[in-house]
Amino acid sequence: MTTSGHPQRRTDLAELETLAVELAREAGEFVAQRQGGGFGVDTKSTSTDLVTDVDAASERLLRERLAARRPDDAFFGEEGTIADPGGGGRCDDPDEAITWVVDPIDGTVNYVYGIPAYAVSVAAVVGDPHRFGAWRPVAGAVAQPSAGLVFHARSGGGAWVQDADGVDTPLAPTDATSLELTLLGTGFAYREDHRRRQAEDLVEILPSVRDIRRGGSAALDLCSVACGRLDAYYERGVNPWDIAAGWLVVTEAGGSVCGVRSPRPSAEGIIASAPGVHDALVARIEAATRASGGGSGQAQARR
Ligand code: IPD
Ligand code: CA
C-alpha cells in the first residue's frame with residue numbers, strides 16, 4: 001500500500017508512455033531511412049490499399065522490441081501480428097492486461113508517393129481491441145519522422161509533442177466554437193462502396209463547415225486536432241491501429257472524442273474536435289450519416 005492508502009499501481013503509465021515514444025521514434029526513423037533506399041509495394045484489401053515491405057519490417061521491429069521489454073503484454077498490429085502471451089481475457093485494468101496496438105506505417109499511400117504525412121503509431125490499451133467499444137488507450141505515441149516529431153500522451157498526463165532534440169511542448173486544441181468556421185479533416189476507406197457512402201456524407205457536411213482537409217494519415221489527423229492544426233477530424237470506418245494513440249493525444253490535450261452514435265469510437269467511425277465545437281459537429285455528422293444510410297464498415301473488414 002502507498003501512504004495514501006491506495007494499492008501500489010504495478011503498471012506505471014509514465015513508463016508505458018516513455019516506451020511508446022522511444023519505439024515510435026525508432027520505428028519512424030527506420031521507415032524514413034528505408035524510404036530512400038527503395039522498397040517493395042503490394043496491395044491488400046483492394047487495388048488502392050497499399051502495403052510495402054517496410055510496413056511489415058516496421059511491425060516486426062516493434063513486435064521484437066515489445067516482446068523483449070514487455071513479454072507479458074499482448075500485441076495487435078495492422079499487418080497481422082497478433083500475440084497474447086497472457087492467453088486472452090483482456091480486461092479494463094492496466095494492472096492486469098495491456099495490449100500494444102500498433103500501426104507500423106499510417107499513411108502508407110503518402111509514404112509510397114513521397115508525401116511527408118505518414119506516421120508510426122504505438123499505443124498501450126486496456127480492454128479488448130478486437131471489439132470496438134470494448135477498449136481504450138492508456139498511453140501512446142505517434143511519430144512523424146519527416147518532421148522529427150513524436151506526439152504522445154498517457155491517461156491523466158496531458159498531451160505533448162517532442163521535437164528531434166527531445167524537448168516536449170504541451171498541446172492544446174483550437175478555441176473554435178462555430179461549426180461554420182470549423183476546419184475539418186477526414187479520410188476515406190479503400191473499398192468503392194464505402195467511399196461512395198463517405199462521399200454522400202460529405203455532400204451534407206461540406207456546406208456546413210469552413211473547409212475539408214484529407215491528410216492521408218488518421219493518426220496525424222488526430223494529432224492535428226490535438227495541436228490546433230485542425231479544428232476537428234472525423235472518419236467512418238477507421239481501424240483500432242489508426243486511432244489508438246491519436247485518440248488519447250486528443251483527449252489529453254483537452255479535445256473531445258466519441259464515435260458516431262456511440263460514446264467511444266466504433267466501427268461506425270470517430271469524431272474528434274476542439275471542445276467548443278463538438279456537440280454541433282456530432283449532431284451534423286450524425287444527421288448526415290443518417291441521410292446517407294449510416295455505417296461504412298471498413299473497420300476490421302480488412303482482416
Ligand atoms: C489509412 C490512413 C488514412 C485513412 C484510412 C486508413 P493506412 O491507414 O490512416 O488517412 O483515411 O482509413 O486506413 O492504410 O495508411 O495505414
Ligand atoms: Ca493505418
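Mentor: A residue is near a molecule if one of its heavy atoms lies within 4 Å of it. This is a predicted model, where local features need pLDDT of at least 70, side-chain atom pairs count only at pLDDT 80 or more, and totals for chains, interfaces and linings use all residues. Residues are numbered from 1 along each chain as written, chains are lettered from A and ligands numbered from 1 in written order, and side-chain values use heavy atoms, without hydrogens and water.

Trainee: Which residues come nearest to ligand 1?

Mentor: Of the 17 around it, Asp106, Gly107, Tyr190, Ala218 and Glu235 do.

Trainee: What makes the Glu235 pair a polar contact?

Mentor: Two N or O atoms must lie within 3.5 Å. A side-chain N or O atom of Glu235 is 2.5 Å from a ligand 1 oxygen, so that pair counts. Backbone N or O atoms join in too: Phe188 has one 3.3 Å from a ligand oxygen, and Ser217 has a polar one at 3.1 Å.

Trainee: How much of ligand 1 does the protein cover?

Mentor: 99% of the 380 Å² of accessible area (Shrake-Rupley, 1.4 Å probe) that ligand 1 has on its own.

Trainee: How do you know whether the chain's radius of gyration agrees with a compact globule?

Mentor: Over C-alpha atoms, the rule is 2.2 Å times the number of residues to the power 0.38. For 303 residues that comes near 19 Å, and the chain has 18 Å, so they agree. The C-alpha trace spans about 55 × 50 × 40 Å along its principal axes.

Conventions
Polar contact = N/O pair within 3.5 Å; in protein donor to acceptor, adjacent residues only side chain to side chain.
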